Amino acid sequence: MMKNIVSGLLLISLAACSDGFEELNKNPNNAEQATPAQLLTNAQYNFSVNIADEWNNGRMGMYYAQYWSSTYYSEESRYQIREPSNQDMWDTFYADVLAQLKESQRLELLEKKEGYENRIAIDEIIKAYTFHFLTDIYGPIPYSEALNPDDVTPKYDLGEEVYAGILKTLDEQIKILDIDLPGHENGDIVYHGNVAAWKKFANSLRLRVALRMVDVKPAEATEAIKKSLDPASGGVISTQEESAALNWLPATPNNNPMNESFKIRADFSMSKPFIDYLKMYHDPRLPVFAQPLLNSNEYVGEVYGLRNGNGSSNGNRAVVSLPSSYAIGAQAPTVWMDLAEVKFIFAEIAARGLNVGLTGTAEQYYKEGITANMHFAGLNDAAIATYLKKVPYVAAKWKDSIGSQKWIALYTQGIQGWLERLRLDFKDPSSGKPIFALPADGSLDPKVTDVSKRMSYPLTESSLNGDNFRTAVTKLGGNTKAVRNWWDKF
């Protein structure tokens with residue numbers, strides 16, 4: 001059961017700035033009714049922290065995607081989770097994101113100021129995005145009966161039911177958004193009130209959702225893709241500037257949450273599978289993503305899944321490469337969805353031969369995806385052209401070609417990198433060899449041998465929402481991290 005929603009919201013105290021965080025720079029000692037703008041800022045902030053911090057991103061997503069390895073405390077990289085962290089992730093999505101968005105919508109309906117329909121629709125799109133993360137991480141979740149304070153035991157909806165609801169929501173809200181009316185003039189720290197940008201984000205998110213389900217529900221997925229690609233729907237993310245991200249500030253408490261974690265100690269190093277793959281093709285992103293060894297130009301990834309103390313680096317830069325400022329810098333953005341991902345989605349749509357109106361080829365979009373990510377990493381066209389020759393698109397192995405490059409481009413987005421690893425099951429397109437490694441010292445979860453397929457439910461669910469929990473677990477096939485999500489067909 002999600003934690004109880006209290007009426008008095010504790011607003012995060014953020015320093016004033018020009019990027020929208022000033023909406024929360026209020027005196028916490030003064031009693032004040034939260035405004036829709038403050039609630040939106042809180043929700044966007046809490047969502048971004050939840051997918052980018054050292055627990056859910058560092059010790060789950062970045063491990064499961066094998067971008068990072070552990071420098072010493074390796075239990076999570078070997079699939080033994082910390083239950084309090086799992087509970088916090090679940091609670092934050094429900095109580096600190098979804099509930100605050102719902103309250104923002106309630107206040108908008110009471111005030112009905114010009115453009116309130118846009119603002120409610122944008123909040124609804126972010127709610128759909130949050131449910132998208134929840135169901136892809138856990139499977140069946142409280143959805144249709146969630147967020148009702150009078151119902152503390154909501155039923156769990158199956159993953160495919162949640163997906164159907166997300167697609168319906170996106171369809172409805174895209175139609176509601178009116179670029180001639182104002183959006184969130186205050187409080188929007190992702191798109192700063194740009195209604196057209198939110199329309200493009202919603203269409204792009206619909207593409208991601210559709211592709212994730214395409215192997216199981218091809219007809220429904222194809223129809224959703226057509227809607228997003230219909231010019232009348234408002235377009236998709238087509239420039240880097242249109243990418244959705246929360247841009248952090250230089251100083252605490254508004255810096256990237258991973259940056260704050262590294263101020264205390266270096267718990268994470270670059271993973272050997274990731275570093276070795278970048279080195280194999282002389283990828284120019286390597287020195288952008290990672291730090292070289294001390295007094296060296298060498299890059300060394302840490303063996304993945306070592307037992308505590310068994311050759312672990314302890315974060316010693318003379319032994320192993322650590323993440324660079326690209327991932328852990330104070331202002332490193334938390335990406336919600338960007339241009340590179342959309343280009344790789346286009347590449348896959350073309351590779352699958354879906355008749356949805358795209359005019360480009362899979363190879364073209366594949367190259368554009370790589371180029372978009374490399375431009376974002378600050379690389380020049382000459383370096384990009386040289387690299388593209390080393391990684392030609394292989395149509396007969398399109399899942400391997402697109403999957404491996406999309407995985408690289410999703411670096412820092414650990415949860416999405418992990419989910420795409422599960423969905424595409426890609427290998428190196430040139431050699432056909434596996435890219436990922438098994439935990440070197442074995443899994444600490446006897447049911448998970450290669451990689452976790454989902455996150456188990458928080459322990460409190462079995463006691464606080466027992467009947468619905470047991471029904472969901474029965475339909476799922478067990479509350480283990482080894483059970484595949486409904487869209488993970490192969």
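**Cavities, a pocket and helix packing**

Q: What do α2 and α3 (83-111) each supply to the lining of the second largest cavity?
A: In this predicted model, α2 and α3 each supply at least two residues of the lining of the second largest cavity, and α2 gives the most, with five residues. The volume of this cavity is about 120 Å³.

Q: What makes a residue such as Trp-55 or Met-455 count as lining the second largest cavity?
A: A lining residue must have an atom within 4 Å of a point of the cavity, and the residues that line the second largest cavity include Trp-55, Asn-56, Arg-59, Glu-76, Arg-82 and Met-455.

Q: How do the classes of the lining of the second largest cavity divide, and why does Tyr-64 fall where it does?
A: The lining divides into six nonpolar, three polar and three charged residues. Tyr counts as nonpolar, and therefore Tyr-64 belongs to the nonpolar group, whereas Arg-59, Glu-76 and Arg-82 belong to the charged one, because Arg and Glu count as charged.

Q: Why is the space of about 210 Å³ called a cavity, while the space of about 290 Å³ is called a pocket?
A: In a cavity the 1.4 Å probe fits but cannot get out, whereas a pocket is an open set of points; the space of about 210 Å³ is therefore the largest cavity, and the space of about 290 Å³ is the second largest pocket. A search of the whole structure finds three cavities of 30 Å³ or more.

Q: Which residues and elements line the largest cavity?
A: Of its 22 lining residues, Ile-51, Ala-52, Asn-57, Thr-412 and Gln-413 are the closest to its centre, and α1 (36-52), α2 (54-64), α4 (116-138), α11 (325-328), β6 (334-337) and α16 each supply at least two. By class, the lining comprises 14 nonpolar, seven polar and one charged.

Q: What makes up the lining of the second largest pocket?
A: This pocket is lined by 15 residues, with Arg-421, Asp-425, Phe-426, Phe-436 and Asp-450 nearest its centre, and the whole lining has nine nonpolar, no polar and six charged residues. Arg and Asp count as charged, so Arg-421, Asp-425 and Asp-450 are among those six.

Q: Why is Phe-274 called buried?
A: A residue is buried when its relative accessible area is under 20%, and Phe-274, at 0%, therefore meets the criterion. Phe-274 is found in helix α9, where Pro-273, Ile-275, Tyr-277 and Leu-278 are also buried.

Q: What does Phe-274 touch, and against which elements do the buried residues of α9 pack?
A: Beyond its neighbours within four places in sequence, Phe-274 is in contact with Gln-66, Tyr-67, Phe-289, Trp-407, Ile-408 and Tyr-411. The buried residues of α9 pack against β5 (268-270), α10 (286-289) and α15 (398-409).

Q: How do you know the geometry and the hand of the packing of helix α6 (residues 195-213) and helix α16 (residues 414-424)?
A: The two helices pack at an angle of about 35 degrees, with their axes 10 Å apart. A left-handed crossing has the near helix turned anticlockwise from the far one by less than a right angle, and the crossing of α6 and α16 is left-handed. Arg-208, Leu-211 and Arg-212 in α6 meet Gln-416, Leu-419, Glu-420 and Arg-423 in α16, a contact of two nonpolar, one polar and four charged residues.

Conventions. Residues numbered from 1 in each chain as written. Predicted model: local features only at pLDDT ≥ 70, side-chain atom pairs only at ≥ 80, totals over all residues. Heavy atoms only, no water. 1 Å grid on protein atoms, 1.4 Å probe; cavity = no way out; pocket = protein on both sides within 12 Å on 5 of 7 lines; lining within 4 Å. Points joined across faces, edges and corners; volume = space filled by probe spheres on them. Axes fitted to C-alpha atoms, helices over the stretch in contact; angles between N-to-C directions. Helix = DSSP H or I, 4+ residues; strand = E, 2+ residues; numbered from the N terminus. Contact = heavy atoms within 4.5 Å. Buried < 20%, exposed > 50% of the residue type's maximum accessible area, 1.4 Å probe, protein only.
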